[in-house]
Amino acid sequence: MSEKVTMRVKPNGSIRVTGTVEFVDGDGNVIETKTDFSLCRCGHSKEKPMCDGSHREAGFQAE
Ligand code: FES
């Protein structure tokens, strides 16, 4: 039985991913992740595709 993965959109912030996923970039390289990480959706992270907290300083507002 596979583990259920949860992706939770944080208000005015990242997308929190919880669970074991295979995360592959546009070149087919596997990006190592923990079982709990956050994806940037504001475009301001210096660690894309991961969130580095820059959305707070940038004042990101989700539509
Ligand atoms: S959502 Fe956190 S840095 Fe972009």
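Colleague: Hi! Which residues make up the largest nonpolar core?

Modeller: Hi! The largest nonpolar core has 5 residues, namely V17, F23, F37, L39 and M50. A nonpolar core here is a set of buried Ala, Val, Leu, Ile, Met, Phe, Trp, Tyr and Cys residues joined through side-chain atoms within 4.5 Å. Buried means under 20% relative accessible area, exposed over 50%, and partly exposed in between, with a 1.4 Å probe and protein chains only.

Colleague: Thanks. What kind of model is this, and how are the residues numbered?

Modeller: This is a predicted model, where local features need pLDDT of at least 70, side-chain atom pairs count only at pLDDT 80 or more, and totals for chains, interfaces and linings use all residues. Residues are numbered from 1 along each chain as its sequence is written, and side-chain values use heavy atoms, with hydrogens and water left out.

Colleague: Good. How many helices and strands does the chain have, and how do they run?

Modeller: There are 5 strands and 1 helix. Starting at the N terminus, the order is β-β-β-β-β-α. Both kinds of element are DSSP runs numbered from the N terminus: helices are H or I with at least four residues, strands are E with at least two.

Colleague: And the overall dimensions? What does the C-alpha trace span?

Modeller: About 40 × 25 × 20 Å along the principal axes of the chain. Of the 63 residues, 24% are buried. The accessible surface is about 4900 Å², and carbon and sulfur atoms hold 47% of that. Those areas come from the Shrake-Rupley method with a 1.4 Å probe; for residues, only the protein chains shown count as cover.

Colleague: Back to the core. What does V17 touch?

Modeller: Not counting residues up to four places away in sequence, V17 touches V5, T6, M7, T35, D36, F37 and L39. Contact means heavy atoms within 4.5 Å. F37 and L39 are also listed in the largest nonpolar core.

Colleague: What about I15, where is that and what is it in contact with?

Modeller: I15 is in strand β2. Leaving aside neighbours within four places in sequence, I15 is in contact with M7, R8, V9, F37, S38, L39 and R41. G26 is 11 residues from I15 in sequence, and their C-alpha atoms are 19 Å apart.

Colleague: V9 is on that list. Is V9 buried or exposed?

Modeller: V9 counts as exposed because its relative accessibility is 52%. V9 sits in strand β1, residues 6-9. Outside the four places either way in sequence, V9 touches S14, I15 and R41. From V9 to L39 the separation is 30 residues in sequence and 9.5 Å in space, C-alpha to C-alpha.

Colleague: And S14, buried or exposed?

Modeller: S14 counts as buried, because its relative accessibility is 7%. S14 lies in the loop between β1 and β2. Beyond neighbours within four places in sequence, the contacts of S14 include R8, L39, C51 and H55.

Colleague: Which backbone details should I look at in that loop?

Modeller: N12, found in the loop between β1 and β2, has a positive phi of about 55 degrees although it is not a glycine. Most residues other than glycine have a negative phi, and most peptide bonds are trans. On that second point, a cis peptide bond joins K48 and P49, with omega about 10 degrees. P49 is in the loop between β5 and α1.

Colleague: Switching to cysteines: how many disulfides does the search find?

Modeller: The search of the whole structure finds 0, where a disulfide is a pair of cysteine sulfur atoms within 2.5 Å. C42 is buried because its relative accessible area is 17%, whereas C51 is partly exposed at 23%.

Colleague: And charges? How many positive and negative side chains are there?

Modeller: The chain has 9 positive and 10 negative, with the centres of the two sets 9 Å apart. Lys and Arg count as positive and Asp and Glu as negative, while His and the chain ends are not counted. Each charge is placed at NZ of Lys, CZ of Arg, CG of Asp or CD of Glu.

Colleague: Last one: where is A58?

Modeller: A58 is in helix α1, residues 54-58. A58 is partly exposed, with a relative accessible area of 39%. A58 and F23 are 35 residues apart in sequence and 26 Å apart in space, C-alpha to C-alpha.
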